[in-house]
Every structure is written in structure tokens, then in C-alpha cells.
Amino acid sequence: MEKELDYYISLFKSNSRYSFIKDIKLQEILYLFSGYVSFIYYNELEENNYSEYLKEIKAHTIFVYLWSIIEAITYYFVKTKLIDEKSKRKYLEIEEFKKLQKIEETKNLYICKLENKEISFNDSINFHALINWLKDKKIIDEKIVEKIDDFRKMRNLVHINAFLGYNEYKLIQELEKAFINTKIIVDYIENNI
């Protein structure tokens, strides 16, 4: 099994798929994850006569890894675009309520004020918030951001509550589109970095 995985990793390396990523450790992980996705697809889904349930679970695993690849490359791209230290420290503002005073006669009622909070690029930010920020700032083409957001939605099916409402999708049928969109996203980021 490891031999087959190494084969797929070497295919991505021989094509220098992630040569635009200057962080060598990130580059190696991207090769590993991409190789693993190919391994699952070609060695597991294509070669075996699995039940529909098992195929869906394997397809979901592929979506989780593709999402990780997209997420890592998107963060890398944004980090390269935020050139100065100030923009790295403050790249996103959110509004949140700060409790000022509890109202005594009720359990969960408070007097609050709305404050702006800065989120640093180095904080662990919610990726959905980053996608929304990308839409607002137009750092990445809107169609590419939509494709990235589609991956976020498909990846969220790892949560049982999201999976319960998943009847509209058949993940196995979405794989070809996902592979095409992954290539489009990675190509866009490579060409615009």
C-alpha cells in the first residue's frame, strides 16, 4: 500500500505541481495529501467493488483531503499578498458583543456594546470568515472564491448534522467536478502568486 502511495506522490513531484510554494514543509505535505487523494481514488474506488455506502465514505475522505489542500494553498496565497506587517497583524475585523452589565431580573439578558475585533492572520481563524473576507477585498477572483466555498460546504459533511441533510448530493458523483475545480483553484493561485 505504501508503495502505491509513494507512486502517486512521485507523480505530483515529477510534474512539480507545487513548485510555486516556497515553504518546503508545506510543499511536502501538499504532495503527500495529493498523492493520498489519488491513491484512494485509483486504488480504492476504481479497483474495488465497494457498496454505495463505502464509496460515499471514501469519496468524503477525498473531499476532506482536497479541502485541506485548498485551505492550505489559500492561506499561503493570502499570506503572500499581505506584504507589510501591519496588514498581517490586522487583516480582518469582526464585530462582537461585549457584556457590560447583567440585568438582574432575568437570567440571560445583558446590556452590551458592539466592539470591533481584529483577527490576526496568524490566529486560527474560521476559514469561512477568510472566504468572506476574500469576497469583500477581491484578492481572489469571485468565481475562484465560490469554488473554494463549495469545497468548504462539501467538507462540512464530515459533521453528522450536515450529513443528515446531504440527500441532495451524491459525493461520488461530485468527484470529477471536485478534481477539475481543485486544478482550477491551484492553477489560479499559482498564476497569481
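A search of the whole structure, which is a predicted model, finds 10 aromatic pairs. One of them joins Tyr 8 and Tyr 42, whose ring centres lie 5.9 Å apart with the planes at 15°, so this pair is stacked. The two partners come from distant parts of the chain: Tyr 8 belongs to helix H1 (residues 2-14) and Tyr 42 to helix H2 (residues 24-45), with their positions 34 residues apart. Their surroundings are worth a look too. Tyr 8 has a relative accessibility of 11% and therefore counts as buried, whereas Tyr 42, at 42%, counts as partly exposed.

Another aromatic pair, Phe 77 with Tyr 188, is tilted, with 6.5 Å from centre to centre and 55° between the planes. This pair also links distant parts of the chain, with Phe 77 in helix H3 (residues 52-81) and Tyr 188 in helix H8 (residues 171-192), 111 residues apart. Phe 77 has a relative accessible area of 1%, so this residue is buried.

Returning to the first pair, Tyr 8 and Tyr 42 are members of a cluster linked by ring pairs, together with Tyr 7, Tyr 41 and Phe 179. Ser 38 offers a further view of this part of the model. This serine sits in helix H2 and is buried, with a relative accessible area of 13%. Once neighbours within four places in sequence are set aside, Ser 38 is in contact with Tyr 8, Phe 12 and Asn 43. Tyr 8 thus appears both in the ring cluster and among the contacts of Ser 38.

Helix H2 holds another buried polar residue, Gln 27, with a relative accessible area of 12%. Apart from neighbours within four places in sequence, the contacts of Gln 27 are Tyr 18, Ser 19 and Ile 21. The loop between H1 and H2 contains Ser 16, whose backbone invites a closer look. Most residues other than glycine have a negative phi. Ser 16, in contrast, has a phi near 50°, a positive value in a residue other than glycine. With a relative accessibility of 37%, Ser 16 counts as partly exposed.

The packing of H3 can be followed further through its meeting with helix H5 (residues 127-137). The axes of H3 and H5 come within 12 Å and cross at roughly 50°. At that angle the two helices are oblique to each other, because the value falls outside the ranges for roughly parallel, antiparallel or perpendicular axes. The crossing of H3 past H5 is left-handed. On the H3 side, the residues that take part are Trp 67, Glu 71, Thr 74, Tyr 75 and Val 78, and on the H5 side they are Phe 127, Leu 130, Ile 131, Trp 133 and Leu 134. By residue type, this contact comprises 8 nonpolar, 1 polar and 1 charged.

These local features can be placed in the overall architecture. The protein chain has 8 helices and 2 strands, and from the N terminus on its elements run α-α-α-α-β-β-α-α-α-α. Of its 193 residues, 35% count as buried. Among the contacts in the protein chain with a separation of 6 or more, 65% come from residues 24 or more positions apart. The two ring pairs described above are examples of links between distant parts of the chain, joining H1 to H2 and H3 to H8.

Definitions and conventions
Residues are numbered from 1 along each chain as its sequence is written. This is a predicted model: local features need pLDDT of at least 70, side-chain atom pairs count only at pLDDT 80 or more; totals for chains, interfaces and linings use all residues. Side-chain values use heavy atoms; hydrogens and water are left out. Rings of Phe, Tyr and Trp (its six-membered ring) pair if their centres lie within 6.5 Å; planes under 30 degrees apart count as stacked, over 60 as edge-to-face and the rest as tilted. Helices (H or I, at least four residues) and strands (E, at least two) are DSSP runs, numbered from the N terminus. Buried means under 20% relative accessible area, exposed over 50%, partly exposed in between (1.4 Å probe, protein chains only). Contact means heavy atoms within 4.5 Å. Axes are lines fitted to C-alpha atoms, for helices over the stretch in contact, and angles run from 0 to 180 degrees between N-to-C directions. Angles under 35 degrees count as roughly parallel, over 145 as roughly antiparallel, 65 to 115 as roughly perpendicular and the rest as oblique. A crossing is left-handed if the near helix is turned anticlockwise from the far one by less than a right angle, and right-handed if clockwise.
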